[in-house]
Amino acid sequence: MKNFPQSFPNTRMRRLRQTPWVRSLVAENTLTPADLVWAVFIHDGEGRVPVGSLPGIDRLSVEEAAKTAKRAESLGIPAIALFPYIGPEGKDEEGTGALDPDGLVPRALRAMKDAAPGVGLITDVALDAYTSHGHDGLLDPDGTIPNDATVERLVKQALAHAQAGADVVAPSDMMDGRIGAIREAFDEEGFTNMMILSYAAKYASGFYGPYRDAIGSAQALSGDKKTYQQDPANSDEALREVALDLAEGADMVMVKPGLPYLDIVQRVSSTFGVPTLAYQVSGEYAQIMAAAQNGWIDGDRVIMESLMCFKRAGASGIITYFAEKAAEVLNG
Ligand code: PBG
């Protein structure tokens, strides 16, 4: 019998690329609106206010946020992640506003749940929007961020979100032990079904710049977040973070930023086999939009490609400011 070697010219890889139907048949990954979490900024004022560093993105009033929840529902986007803009008058040293059961986030949660009960609502647990110094935790006079005292406040913030109807709390603060503390408090208060999405592997990144504008913490931030967020040089450390957060009761984990950290997404999802979300952060959005606005790249094409890359790396979902746009494209 003749030998058929698995090499050219018997094997021609281009055969399976020659038409759209066969490319779609052999595609290894798919992207649908169900993979997306829509990242949304809210504010306490009226209507929509554009965010300068994020072209196409507005801060939304509570009323607009409720409309957005309906829009997500009609586009097939399963969930929305909320991020509050708090003006200087709402900030103090201890981020007290974060604990207010009638604060902006709880009010938005109620309005959105009313408008679209079937859309998942995810909240950010961290103090940075509410602190006058812009850190995710408390700030001691010597410039350190005290871990355990911060965790006590985060627990209260998470409870306020649960009471207002959040489906998932997503602690983004990177304090040690906060997942376990929040899980324990939820169980004590009867919120046994509350989901926790841990920002387990969150890096100290320059890609968060536009976000800090959007939530009004950019001018406020003194120093950087390197004593609690991870060093971009590290990868094994991310696996330790994820293991700890899962042991403490996280249901899903997140890697952040996204595209520059796809190796971490890949390692986390293949090592743990747990739902792993990736966050395409503000700086990633801004880069794509700036180049697209200059006509240097085809914006829509790059948006869709970047989202597919997250899926290929093993992400179960992607938090993105492009969610509405991408869902529109996907829905044709
Ligand atoms: C902090 C938080 C940040 C982001 C989400 N939650 C910023 C930070 O850690 O400084 C960044 C998101 C983005 O850049 O899109 N609570």
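"How far does a polar side-chain atom of lysine 202 lie from an oxygen atom of the ligand? The answer is 2.7 Å. Keep in mind that what you see above is a predicted model.

Let's stay with the ligand for a bit. Arginine 212 also has a polar side-chain atom 2.7 Å from a ligand oxygen. Next door in the sequence, tyrosine 211 has a side-chain N or O atom that sits 3.3 Å from a nitrogen atom of the ligand. And how much of the ligand's own accessible area does the protein cover? On its own, the ligand has 400 Å² of accessible area, and the protein covers 100% of that. As for where to look, find the largest cavity, and the ligand is sitting in there.

So who's around it? There are 17 residues surrounding the ligand. The closest ones are Lys202, Arg212, Lys256, Ser282 and Tyr321. If you sort that shell by character, you get 7 nonpolar, 3 polar and 7 charged residues.

Hang on to Lys256, since we meet lysine 256 again in the backbone. The peptide bond from lysine 256 to proline 257 is cis, with omega near -5°. Proline 257 itself is in the loop between strand S8, residues 252-256, and helix H8, residues 262-272. There's also a cis bond from phenylalanine 8 to proline 9, and there omega is near 5°. You'll find proline 9 in the segment before helix H1, which runs 20-26.

Why point these out? Because most peptide bonds are trans, and most residues other than glycine have a negative phi. That second part brings me to methionine 174, with a positive phi near 65°. Methionine 174 is in the loop between strand S6, 168-171, and helix H5, 178-188.

Last stop, salt bridges. The count comes to 16. One of them joins the side chains of aspartate 58 and arginine 48, at 2.9 Å from N to O. What does that pair tie together? Aspartate 58 belongs to strand S3, residues 58-60, and arginine 48 to strand S2, residues 48-50, so the pair links parts that are 10 residues apart in sequence.

That's my tour, thanks!"

Key:
Residues numbered from 1 in each chain as written. Predicted model: local features only at pLDDT ≥ 70, side-chain atom pairs only at ≥ 80, totals over all residues. Heavy atoms only, no water. Near = heavy atom within 4 Å. Polar contact = N/O pair within 3.5 Å; in protein donor to acceptor, adjacent residues only side chain to side chain. Areas by Shrake-Rupley, 256 points an atom, 1.4 Å probe, with all protein chains shown as cover. 1 Å grid on protein atoms, 1.4 Å probe; cavity = no way out; pocket = protein on both sides within 12 Å on 5 of 7 lines; lining within 4 Å. Sits in = over half its atoms within 2 Å of the grid points. Nonpolar A, V, L, I, M, F, W, Y, C, P; charged D, E, K, R; others polar. Salt bridge = Lys/Arg side-chain N within 4 Å of Asp/Glu carboxyl O. Helix = DSSP H or I, 4+ residues; strand = E, 2+ residues; numbered from the N terminus.
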